[in-house]
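Let's take a walk through this protein together. Have a look at the sequence and the 3D picture, then read on.

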Amino acid sequence: AEIIDVFCLGEETQAFRQPFIATENLHGSGDTLSAAVAAFLAQGYGLSSAVQSARAFTRAAIEHAAGWRMGGGHGPLNHSGLLLL
C-alpha cells in the first residue's frame with residue numbers, strides 16, 4: 001500500500017514515503033528517476049532537493065501512464081507534458 005524510498009549519504013538517512021500506484025506501467029522508472037536527479041542537480045538543486053524533486057517527477061510520469069494498455073507486459077511511463085521545474 002506504500003512505497004518507501006531510502007536515501008543515504010554518509011551518516012544521513014532519509015525515508016521518503018508515498019502511496020503505491022497500482023499499475024504495470026513502470027518500464028523505465030529507474031532511468032527516469034536517475035535522469036531527473038541529474039537534471040535537477042544540473043539546475044543547481046542540492047542533492048536532497050534534487051532527489052525529492054526527481055521522485056515527484058517520476059511519480060507524475062507513473063500516474064500519467066497508470067491507465068495505459070500498450071501491448072503485453074509492463075508498459076512505459078508517460079512523460080508527456082511534464083516539466084523539470
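## Contacts along the chain

Keep in mind that this is a predicted model. Take the contacts in the protein chain between residues at least 6 apart in sequence: 53% of them join residues at least 24 apart.

What order do the helices and strands come in? Going along the sequence, the pattern is β-β-α-α, so you'll find two strands and two helices in the protein chain.

## Size and surface

How far does the C-alpha trace stretch along its principal axes? The spans are about 45 × 30 × 15 Å. Of the 85 residues in the protein chain, 31% are buried.

The protein chain has an accessible surface of about 5,300 Å², and carbon and sulfur atoms account for 57% of that. One nonpolar patch on the surface covers about 230 Å² and is built from Leu 9, Leu 41 and Leu 47. Leu 9 sits in strand β1, which runs over residues 2–9. Why does Leu 9 count as partly exposed? Because its relative accessibility is 45%, and partly exposed covers the range between under 20% (buried) and over 50% (exposed).

## Charges and salt bridges

The protein chain carries 4 positive and 7 negative charges, and the mean positions of the two groups are 8 Å apart. Searching the whole structure turns up three salt bridges.

Let's start with Glu 2 and Arg 17, whose closest N and O atoms are 3.1 Å apart in their salt bridge. Glu 2 belongs to strand β1 and Arg 17 to strand β2 (residues 12–19), so this pair ties together parts that are 15 residues apart in sequence. Glu 2 is partly exposed, with a relative accessible area of 43%, whereas Arg 17 is exposed at 53%.

Next up is the salt bridge between Arg 55 and Asp 5, with the closest N and O atoms 2.8 Å apart. Here Arg 55 is in helix α2 (residues 47–65) and Asp 5 is in strand β1, so the pair links parts that are 50 residues apart in sequence. Is Arg 55 buried or exposed? Arg 55 counts as buried, because its relative accessibility is 10%. Its partner Asp 5 is partly exposed, at 30%.

## A bridge within one helix

Arg 59 and Glu 63 also meet in a salt bridge, at 3.3 Å from N to O. Both residues lie in helix α2, four residues apart, which is about one turn of the helix. Arg 59 is buried, with a relative accessible area of 17%, while Glu 63 is partly exposed at 44%.

Notes:
Residues are numbered from 1 along each chain as its sequence is written. This is a predicted model: local features need pLDDT of at least 70, side-chain atom pairs count only at pLDDT 80 or more; totals for chains, interfaces and linings use all residues. Side-chain values use heavy atoms; hydrogens and water are left out. Buried means under 20% relative accessible area, exposed over 50%, partly exposed in between (1.4 Å probe, protein chains only). Contact means heavy atoms within 4.5 Å. Accessible areas come from the Shrake-Rupley method with a 1.4 Å probe; for residues, only the protein chains shown count as cover. Lys and Arg count as positive and Asp and Glu as negative; His and the chain ends are not counted. The place of a charge is taken as NZ of Lys, CZ of Arg, CG of Asp or CD of Glu. Patches are made of residues with over 30% relative accessible area and no salt bridge: like charges are joined within 9 Å, nonpolar side chains (Val, Leu, Ile, Met, Phe, Trp, Tyr) within 5 Å. A salt bridge is a side-chain nitrogen of Lys or Arg within 4 Å of a carboxyl oxygen of Asp or Glu.
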